[in-house]
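Work through the exercises below with the sequence and the model at hand. Each task is followed by a solution in steps.

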Amino acid sequence: MGRSRRSYARLLLLGFLLLRFSWCLAVADDGGGAEEGGGIFPVVVSTWPFREAVRAAWEVVSASGGAGCSAVDAVVAGCSACEVLRCDGTVGPGGSPDENGETTLDALIMDGTTMEIGAVAAMRYVKDGIRAAKLVMDHTEHTLLVGEKATSFAISMGLAGPADLSSPESIGKWTIWRQNHCQPNFWKNVVPAGSCGPYNAIDVPSGESKASAKRVLERTQGDICQGLFEPNNLLEPMNSRLKIVNRHNHDTISMAVIDKMGRIAAGTSTNGATFKIPGRVGDGPIPGSSAYADDEVVESMRRGMEPRDAAMDAILRIARKYPDFVGAVFAINKKGVHAGACHGWTFQYSVRNSSMQDVEVITVSP
């Protein structure tokens, strides 16, 4: 990627994706337009009404004296605050247990000036996801470390651990789920279909119909399969995913900051999907999937699109290939103008800049 520093072209596009779709645009809580704006640097933008996280980032990036702290430091502060607060139960330790009842963390940080990236995924026993990601960026030539090796790296670099990332709430949620025969979950085309694992694959040729899967189940499990093809069962994965996926059990903080010098950084932190299959990694720690920062350009805005149009264009591209997708994107340009677009749900993001007295929440509505 090029590293030229054209000051007129500092742009950033940051978004997060989940699963499903109904067009919507960003509007202010007071009924304002789809595009909000303008501003004097610094500026902090975050997914969801995570006000305390934005305030933490703002305190760092707006510090008095000189250029203040960097955008990268502010993103780390904001995401760290959300980890400590366990925002929505989907960020930091103590939430989103996997099938085994364990909480693991994913996080990413990107410096839009140097284009450096650090990330961790499926990290166990360390509570500081975003700080571990920054250590990867600052002290390795790698982009992403995963699993127990990410844990070992983080602890070797001075982060506290090993620590139990579970909480009474996460263990209680997992216990109830087990008592409900591990339903709903993220498996499909497996047996046993109506209870906890271990699971075995159903041998259904690629492209075969649901009827083929039903015949296999009838042959292998007899009466057990009765009712499995009704709505909301395991072999209707999109329906069962709708039951298990929502903002409060499958989400991320994604944050973008432009500092006083106009430098851009972006970051994410999440504990992933509740009851995920152990080892699953979502979009959170993947550069360009959950977050991307570039002092120079991001594609659609480079071509002259305003943030609102760039955000809608990104959503439409996904919709063409995945018509059942649910997700949202927000974008911010070099002037601090920000906007969002979404499909399938009402989305909110939070903003603070030097013209505001406090954090403001923008609603992206159908």
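**Exercise 1.** Is Ser-170 buried or exposed? Place the residue in the fold and list its contacts beyond the local sequence.

Solution. The model is a predicted one.
Step 1: Ser-170 belongs to helix α5, which spans residues 168-179.
Step 2: the relative accessible area of Ser-170 is 2%. The cut-off for buried is under 20%, so Ser-170 is buried.
Step 3: with residues up to four places away in sequence set aside, Ser-170 touches Gly-94, Gly-95, Pro-97 and Thr-103.

**Exercise 2.** Determine which residues of helix α4 are buried, and how they are arranged around the helix axis.

Solution.
Step 1: in α4, residues 147-156, the buried positions are Gly-147, Ala-150, Thr-151, Phe-153 and Ala-154.
Step 2: around the axis these residues span an arc of only 165 degrees, so they sit on the same side of α4.
Step 3: residues three or four places apart in an α-helix point the same way, because there are 3.6 residues a turn.
Step 4: Lys-149 and Ser-156 are exposed residues on the face of α4 turned away from the buried side.
Step 5: the cover over the buried residues of α4 includes β6 (117-123), α3 (129-139) and β7 (144-146).
Step 6: just after α4 comes Gly-158, with a positive phi of about 110 degrees.

**Exercise 3.** How many salt bridges does a search of the whole structure find? Examine several of them, and ask what parts of the chain each one links.

Solution.
Step 1: the search gives 8 salt bridges.
Step 2: one of them pairs Arg-124 with Glu-102, with 2.6 Å between the closest N and O atoms. Arg-124 is in the loop between β6 and α3, and Glu-102 is in the loop between α2 (71-85) and β5 (105-111), so this pair ties together parts 22 residues apart in sequence. Glu-102 counts as buried, at 18% relative accessibility.
Step 3: Asp-138 and Lys-134 form another salt bridge, their closest N and O atoms being 2.6 Å apart. Both are in helix α3, and their spacing of 4 residues amounts to about one helical turn. Asp-138 is partly exposed at 40% relative accessibility.
Step 4: Asp-313 forms a salt bridge with Arg-317, where the closest N and O atoms are 3.2 Å apart. This pair is also 4 residues apart, in helix α9 (residues 307-321), and is separated by about one helical turn. Asp-313 is buried at 16% relative accessibility, whereas Arg-317 is partly exposed at 36%.
Step 5: Glu-52, Arg-55 and Asp-358 are joined into one network by salt bridges that share partners.

**Exercise 4.** Which side chain of opposite charge is nearest to Glu-83? Describe the surroundings of this residue.

Solution.
Step 1: Glu-83 is located in helix α2.
Step 2: Arg-131 is the nearest side chain of opposite charge, at 6.2 Å, and Glu-83 is buried without a salt bridge. The salt-bridge cut-off is within 4 Å.
Step 3: the Glu-83 side chain does reach the backbone nitrogen of Gly-129, at 3.3 Å.
Step 4: outside its neighbours within four places in sequence, Glu-83 has contacts that include Val-91, Pro-93, Lys-127, Ile-130 and Ser-269.

**Exercise 5.** How many residues does the largest nonpolar core have? Say which element gives the largest share.

Solution.
Step 1: the largest core holds 64 residues; Val-44, Ile-109, Ile-253, Met-255, Val-257, Phe-347 and Tyr-349 have the most contacts inside it.
Step 2: helix α2 supplies the largest share of this core, 7 residues.
Step 3: Ile-253 has contacts beyond four places in sequence, among them Phe-50, Ala-53, Cys-79, Cys-82 and Val-91.
Step 4: another core, of 7 residues, lies apart from the largest one and includes Ala-311, Ala-314, Ile-318 and Phe-325.

**Exercise 6.** Locate backbone geometry that departs from the usual pattern.

Solution.
Step 1: most residues other than glycine have a negative phi, and most peptide bonds are trans.
Step 2: the bond from Gly-161 to Pro-162 is cis, with omega near 0 degrees; Pro-162 is in the loop between α4 and α5.
Step 3: Val-191 and Pro-192 are also joined by a cis peptide bond, with omega about -5 degrees. Pro-192 lies in the loop between β8 (190-191) and β9 (200-201).
Step 4: Met-115, not a glycine, has a positive phi of about 65 degrees. Met-115 is in the loop between β5 and β6 and is buried at 13% relative accessibility.
Step 5: Tyr-125 has a positive phi near 65 degrees. Tyr-125 is in the loop between β6 and α3 and is partly exposed at 33% relative accessibility.

Terms used
Residues numbered from 1 in each chain as written. Predicted model: local features only at pLDDT ≥ 70, side-chain atom pairs only at ≥ 80, totals over all residues. Heavy atoms only, no water. Buried < 20%, exposed > 50% of the residue type's maximum accessible area, 1.4 Å probe, protein only. Helix = DSSP H or I, 4+ residues; strand = E, 2+ residues; numbered from the N terminus. Arc of directions from axis to C-beta. Contact = heavy atoms within 4.5 Å. Lys, Arg positive; Asp, Glu negative; His and termini not counted. Polar contact = N/O pair within 3.5 Å; in protein donor to acceptor, adjacent residues only side chain to side chain. Core = buried A, V, L, I, M, F, W, Y, C linked by side-chain atoms within 4.5 Å.
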